[in-house]
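Work through the exercises below with the sequence and the model side by side. Try each task before reading its solution.

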Amino acid sequence: ELDNLHWLKSIVSKELDLRPTSLVGIGKNSVIIRSESGKPVAYATLTNRWQGSEINSVLVDPDHRGKGLSHKLLSKINQSRVFCYTRNSRLQSALVKAGYSRKLFPGIIATLNLVFTRTGLLMWMFATFDFKRIFHQIINLPKYKLYMKKIDDKIIR
């Protein structure tokens with residue numbers, strides 16, 4: 001388990017779009033895909049946002065990208081109402097192929113939850129002097145797009 005966490009933190013430390021490395025963990029809402037040798041090669045995690053679950057992270061080891069692992073991760077997410085903010089065009093494509101559609105608003109309760117948690121996250125980044133990540137995320141904020149999962153061929157509004 002410690003090897004999994006070490007791998008995860010090493011990947012997250014290089015990805016400024018993601019939460020700070022100090023806040024990354026593996027829990028019951030995490031999905032991990034392993035190579036034939038048993039080493040982790042892909043990871044996703046979900047967070048309850050009261051009005052659905054948010055995909056917080058989708059990571060694929062750089063040596064294993066282009067092999068459909070993000071599609072495999074998304075297929076393992078079984079919640080009925082799921083959304084994801086991303087600016088990564090490859091992930092956006094995978095989300096659409098997995099039945100997600102582009103939206104502008106996740107709902108009032110989910111938005112309030114996001115504002116509260118993102119404020120806490122920003123405060124944590126200030127407290128840990130993670131200014132590079134703060135600056136990167138603020139500059140790129142307008143580029144993030146929301147995708148939501150379809151339920152029974154009806155798009156969640």
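**Exercise 1.** Place D130 in the chain, and decide whether D130 is buried or exposed.

Solution. This is a predicted model.
- Step 1: find the segment. D130 sits in the loop between α4 and α5, the latter covering 131-140.
- Step 2: check the accessibility. The relative accessibility of D130 is 18%. Buried means under 20%. D130 therefore counts as buried.
- Step 3: look for side-chain partners. The side chains of D130 and R133 make a polar contact of 3.0 Å.
- Step 4: set aside neighbours within four places in sequence. D130 is then in contact with P20 and M125.

**Exercise 2.** Find which residues K143 contacts beyond its neighbours within four places in sequence.

Solution.
- Step 1: locate the residue. K143 belongs to the loop between α5 and β6 (145-149).
- Step 2: classify it. K143 has 47% relative accessibility, so it counts as partly exposed. The class runs between the 20% and 50% cut-offs.
- Step 3: list the contacts. With neighbours within four places left aside, K143 touches T86 and R87.
- Step 4: compare sequence with space. K143 and T86 are 57 residues apart in sequence. Their C-alpha atoms are 8.0 Å apart.

**Exercise 3.** Identify the residues of the nonpolar surface patch, then examine I109.

Solution.
- Step 1: name the members. The patch is formed by W50, L104, F105, I108, I109 and L112.
- Step 2: note the area. Together they have about 750 Å² of accessible area.
- Step 3: place I109. I109 is part of helix α4, which spans residues 108-127.
- Step 4: classify I109. Its relative accessibility is 43%, so I109 counts as partly exposed.

**Exercise 4.** Describe the whole chain: its elements, its compactness and its surface.

Solution.
- Step 1: count the elements. The chain has 5 helices and 6 strands.
- Step 2: read their order. Along the sequence the pattern is α-β-β-β-α-β-α-β-α-α-β.
- Step 3: test compactness. The radius of gyration is 15 Å, close to the 15 Å from the globule rule for 157 residues, so the chain is as compact as a globular protein of that length.
- Step 4: add the dimensions. The C-alpha trace spans about 40 × 40 × 25 Å along its principal axes.
- Step 5: look inside. Of the 157 residues, 42% count as buried.
- Step 6: check contact range. Take contacts between residues at least 6 apart in sequence: 64% join residues at least 24 apart.
- Step 7: finish with the surface. The chain exposes about 9,400 Å², with 58% supplied by carbon and sulfur atoms.

Methods
Residues numbered from 1 in each chain as written. Predicted model: local features only at pLDDT ≥ 70, side-chain atom pairs only at ≥ 80, totals over all residues. Heavy atoms only, no water. Patch = residues over 30% accessible without salt bridge, like charges linked within 9 Å, V, L, I, M, F, W, Y side chains within 5 Å. Areas by Shrake-Rupley, 256 points an atom, 1.4 Å probe, with all protein chains shown as cover. Salt bridge = Lys/Arg side-chain N within 4 Å of Asp/Glu carboxyl O. Helix = DSSP H or I, 4+ residues; strand = E, 2+ residues; numbered from the N terminus. Buried < 20%, exposed > 50% of the residue type's maximum accessible area, 1.4 Å probe, protein only. Rg over C-alpha atoms; globule rule 2.2 N^0.38 Å. Contact = heavy atoms within 4.5 Å. Polar contact = N/O pair within 3.5 Å; in protein donor to acceptor, adjacent residues only side chain to side chain.
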